[in-house]
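Here are my notes on the model, in numbered points. Please read them with the structure open.

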Amino acid sequence: MKTWLLYRFTVRGLYPEGAVFKLKRAQIPLFALQKTDKTTLQVCVERKYRKKVFTILNNSCYNILKVEYYGFSRALHWLKTRLGLIIGAGVFACLCALSNLFVLRIEVVGTGNYYQREILSLLSANGVGVGRTYSANITPTLTAQILALENVSFCSLKKTGSTLRVEVQTSPSASLAQAGALLSPADGRVYSLTVVKGTPNVQEGDEVVKDQLLVGTADTEGQEIVMASVQILCRYAERVAPQQAQAALAQALLAVQATEGAEILDAGKITPDGEACIIELSYLVTKKLNM
């Protein structure tokens, strides 16, 4: 038995030191001996000697006021008495974490909640349902399919804990969406492209020219609408005489600011080029269709 498994005895008597002498005569190792007042002392013994201490002191003029665990023995006793609680808390935490991975409840809210049956069918067709896991990667696909329902103007899917909340808003004007395809608003490079509904013909990083088809549909009759937005990264460059550089740059900035959907990315720069200067300017042009 290890000496760190100790019991502490609080003993009272007219001459408490006598209790120490009695225990030493019985060859009991003593630890952490402390006299708290004239008639009371505390002494620690190993666990295997605790019954022997009771026998010696109970048959004498000394009173044992209290017996308690001491040091590591106290911590070990605390763990033993609460082991079930600790294991239960750990199991509960694991169950909560595991349950959050699955969908245990689906809520369809908003003015379009009458589409609940259709929405649940769409979710099931995409592998989403009660008792199944949910990946955020499927959100854009589900959003596009729900927005395709008649008069649906807004859709949001959000998983909180084990609940998947589908908010659907409808509007009579949603059916009055603008027909046609999304065309490039300027020459440049595709900076970002978001397609909720439609068939993309380009991807981010592609070079495009103005009025190039970016997102269309497979519907030859033109009845299907396109829901998409694009940002085109444009660069303005002009070679001018040095004395005209500042005025030319100011005119270029004004022209870009007057362009619909344009956002200037920098203040422009003037670079000497032999006997002339090069004016350079970067900006984004955003265009949305039914978004």
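1. In α7, the residues A245, A248, L249, A252 and V256 are buried (under 20% relative accessible area, 1.4 Å probe, protein chains only). They cover an arc of only 100° around the axis, taken from the directions to the C-beta atoms, and therefore lie on the same side of α7. On the other side of α7, Q246, Q251, L254 and Q257 are exposed (over 50%).

2. The buried residues of α7 pack against β15 (227–240), β16 (262–264), β17 (269–273) and β18 (276–289), where contact means heavy atoms within 4.5 Å.

3. This is a predicted model, in which local features need pLDDT of at least 70 and side-chain atom pairs pLDDT 80 or more, while totals for chains, interfaces and linings use all residues. Residues are numbered from 1 along each chain as its sequence is written, and side-chain values use heavy atoms, without hydrogens and water.

4. Helix α7 (residues 245–257) has 13 residues and should span 18 Å at 1.5 Å a residue (1.5 Å times one less than the number of residues); the end C-alpha atoms are 18 Å apart, which agrees.

5. The chain has 7 helices and 18 strands, which are DSSP runs (helices H or I, at least four residues; strands E, at least two) numbered from the N terminus. Of its 291 residues, 31% count as buried.

6. An open sheet of 3 strands runs β10-β14-β12 with antiparallel pairing (at least two DSSP bridges between two strands). β10 (182–183) and β12 (199–200) are at the edges with a single partner strand each, so one side of each lacks a neighbour in the sheet. L182 has V215 in β14 as its bridge partner.
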